[in-house]
Amino acid sequence: MDLLSLDPSQFIVLTPVSVAFLLAVGFVGGLVSGFIGSGGAFILTPGMMGLGVPGAVAVASNMCHKFPKAMVGAIKRYRFGQVDVKLGMVIAATAGIGVQIGIRIQRFILEKWGQAGSDLYVSVSFVVVLVVVGSYILKDALHSSHSGKEDDESTPPLAQKLQAINLPPMMSFPKSGLRISLWFTLPVGIATGMLAATIAVGGFVGVPGLIYVIGVPGLIASGTELVTAFVMGLCGSVNWAMHGMIDIRLVFIILAGSLLGVQLGAIGTTYVKPIMIKYVMAAIMLIVAASRIVALPGYLSALGLIQMGPGILYLLKVVSFITMCAGLLVGAGMILGGMWRGQKRNRKEAALGSAA
C-alpha cells in the first residue's frame, strides 16, 4: 500500500461550523493572496489542520485550490499593471523542480514516521520559515518607516550586488525594470516550489525572494508571484491527486470564499502604500507562527516524544485555534482598514484638485 495515499475514513467529518470556518478562512486567505501575492496559503494550511485535517491532506487540498484562485488574482493584478508575466514564468519553470523535491520529502516522512510525523514536520516548517521571514520583513518595514522612506522602492542591497554581476545567461525584465543572471533566479524558484509542495506555502518565500534577492518592486513582486502560483498549483495538484491526497470537498469550500477575497485584495493594492504589504505579511506570519508553536506539543505527544495529559493537549489545541482566528482577523482588518484609509485619502485629494 502506498503510504502517501490516505484512507478516505481519515478525511474529516464536515459540520456547519467547520464549513463556515473554512469559508471564512478561504475568504481571508484569498484577501491576503490578492493583496500580497500567493501568501494566503500560510493561513489556509494551518486553518485546515486546526480543524483536524491531516497535514499532508491540508497541503494537497490547499495546492489544488490555489491554481484557479491564483489565475483570477493574476488576471486582476495584470489589469492594474502589477504583473511581470515573463519573470513569473521563469520562476515557475524552476519552481517545478522544487515542487518535485518537496513532494518527495513529504513521501519520505510519511513512510518513515507516519501521519503524526508529517503533521509535526509541516508545523515545524511553518514555524521556522514564518518566524525567520516574518521577522526580517517586519524589521525592514520598521526601518523604512523610521527613516521616512515608506514610499521608497529602491533596489535592496543584495539585489543591487547580484544585478551588477554579469554571469551569462543574463535576462532582462522590462516590466520590473531590471536585468539579472538566470542563475540568481534559480534559488528563488526552487525554494518557492519546494515549500509550496512541502507545506503548501511558496508565496511568502517567493515574494520576499523577488523583492530582496532579484530586486522586483513590491507591488509587481506580489502580483508576479500569482503567475508562479498558478503554474505550481496546477502541476502540484495533478501529482498529489495521483496519490489520492486531495479532499475535493475542502477545495471547493475554500475556493468559494477565496475567489471573492482574492479580487478584493487585488483591488486593495491600488489604495495603499507599498510598505503596507510588508506590514501585513509580517503581522500575519508571526501570529500564525505563534499558533503553530502552541500546536507542536500535540504532535510531539502523538509521536511519543513527550508525555502530556489529554486535558492540557485539548487546551493547547483550543489556544492554537483561537490564535489562528486572531491572525485571520488581524490580517483582514489591516487590509480592509488600509483600503478604507486609501479610498478616503484619494477622495480628499480629488476634492482638493477640483477646488483648485
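These are my notebook entries on a predicted model, written for someone opening it for the first time.

**Entry 1: the whole chain**

I began with the overall make-up. The protein has 11 helices and two strands. Reading from the N terminus, I noted the order α-α-α-α-α-β-β-α-α-α-α-α-α. Next I looked up the radius of gyration, which is 20 Å. The globule rule gives 21 Å for 356 residues, so the protein is as compact as a globular protein of that length.

For the outer dimensions, I took the box along the principal axes: the C-alpha atoms fill roughly 65 × 50 × 35 Å. I also checked burial, and 54% of the 356 residues count as buried. Then I turned to contacts between residues at least 6 apart in sequence. Of these, 82% join residues at least 24 apart.

**Entry 2: helix H3 against helix H8**

I picked helix H3, residues 55–79, as my starting point, and looked at how it packs with helix H8, residues 218–241. Their axes are 7 Å apart, and the angle is about 140 degrees. That makes H3 oblique to H8, because angles over 145 degrees would be needed for roughly antiparallel. I noted the crossing of H3 and H8 as left-handed. Sorting the residues of this contact by class, I found 16 nonpolar, six polar and two charged.

**Entry 3: helix H3 against helix H9**

How do H3 and H9 lie relative to each other? I looked up the angle between H3 and helix H9 (residues 248–268), and the axes cross at roughly 25 degrees. Angles under 35 degrees count as roughly parallel, and therefore H3 and H9 are roughly parallel to each other. Their axes come within 9 Å, and H3 passes H9 in a right-handed crossing.

I then listed who meets whom. On the H3 side, the residues include Ser61, Cys64, His65, Pro68 and Lys69. On the H9 side, they include Leu250, Val251, Ile254, Leu255 and Ser258. By class, the contact of H3 with H9 divides into 11 nonpolar, five polar and three charged residues.

**Entry 4: helix H3 against helix H4**

Helix H4 was my next stop. The axes of H3 and H4 come within 10 Å, and they cross at roughly 160 degrees. H3 and H4 are therefore roughly antiparallel to each other, as angles over 145 degrees count that way. The crossing of H3 past H4 is right-handed.

From H3, the contact is made by Gly55, Ala56, Val59 and Tyr78. From H4, I wrote down Val85, Gln106, Leu110, Gln115, Ser118, Asp119 and Val122. These residues of the contact of H3 with H4 divide into six nonpolar, four polar and one charged.

**Entry 5: Ser118**

Ser118 caught my eye in that list, being one of the H4 residues that make the contact with H3. Helix H4, where Ser118 sits, spans residues 85–146. Is Ser118 buried or exposed? Ser118 has a relative accessible area of 0%, and it is buried because anything under 20% counts as such. Setting aside neighbours within four places in sequence, I found Ser118 in contact with Ala56, Gln106, Ile109 and Leu110.

**Entry 6: Ala58**

Back in helix H3, I looked up Ala58. Ala58 counts as buried, at 0% relative accessibility. Not counting residues up to four places away in sequence, Ala58 touches Thr45, Met48, Met49 and Val53. I also took a distance from Ala58 to Ile246, which lies 188 residues away in sequence. C-alpha to C-alpha, the two are 8.0 Å apart in space.

**Entry 7: around strand E1**

Last, I went to the loop between helix H5 (157–163) and strand E1 (170–173), where Pro169 is found. Which form does the peptide bond from Pro168 to Pro169 take, cis or trans? It is cis, with omega near 0 degrees. I made a note of this, because most peptide bonds are trans.

Met170 has its place in strand E1. Apart from neighbours within four places in sequence, Met170 is in contact with Ile165, Arg179, Ile180 and Ser181. I finished with one distance: Met170 and Leu264 are 94 residues apart along the chain, and their C-alpha atoms are separated by 36 Å.

Note on methods
Residues numbered from 1 in each chain as written. Predicted model: local features only at pLDDT ≥ 70, side-chain atom pairs only at ≥ 80, totals over all residues. Heavy atoms only, no water. Axes fitted to C-alpha atoms, helices over the stretch in contact; angles between N-to-C directions. Helix = DSSP H or I, 4+ residues; strand = E, 2+ residues; numbered from the N terminus. Parallel < 35°, antiparallel > 145°, perpendicular 65-115°, else oblique. Left-handed = near helix turned anticlockwise from the far one by under 90°. Nonpolar A, V, L, I, M, F, W, Y, C, P; charged D, E, K, R; others polar. Rg over C-alpha atoms; globule rule 2.2 N^0.38 Å. Buried < 20%, exposed > 50% of the residue type's maximum accessible area, 1.4 Å probe, protein only. Contact = heavy atoms within 4.5 Å.
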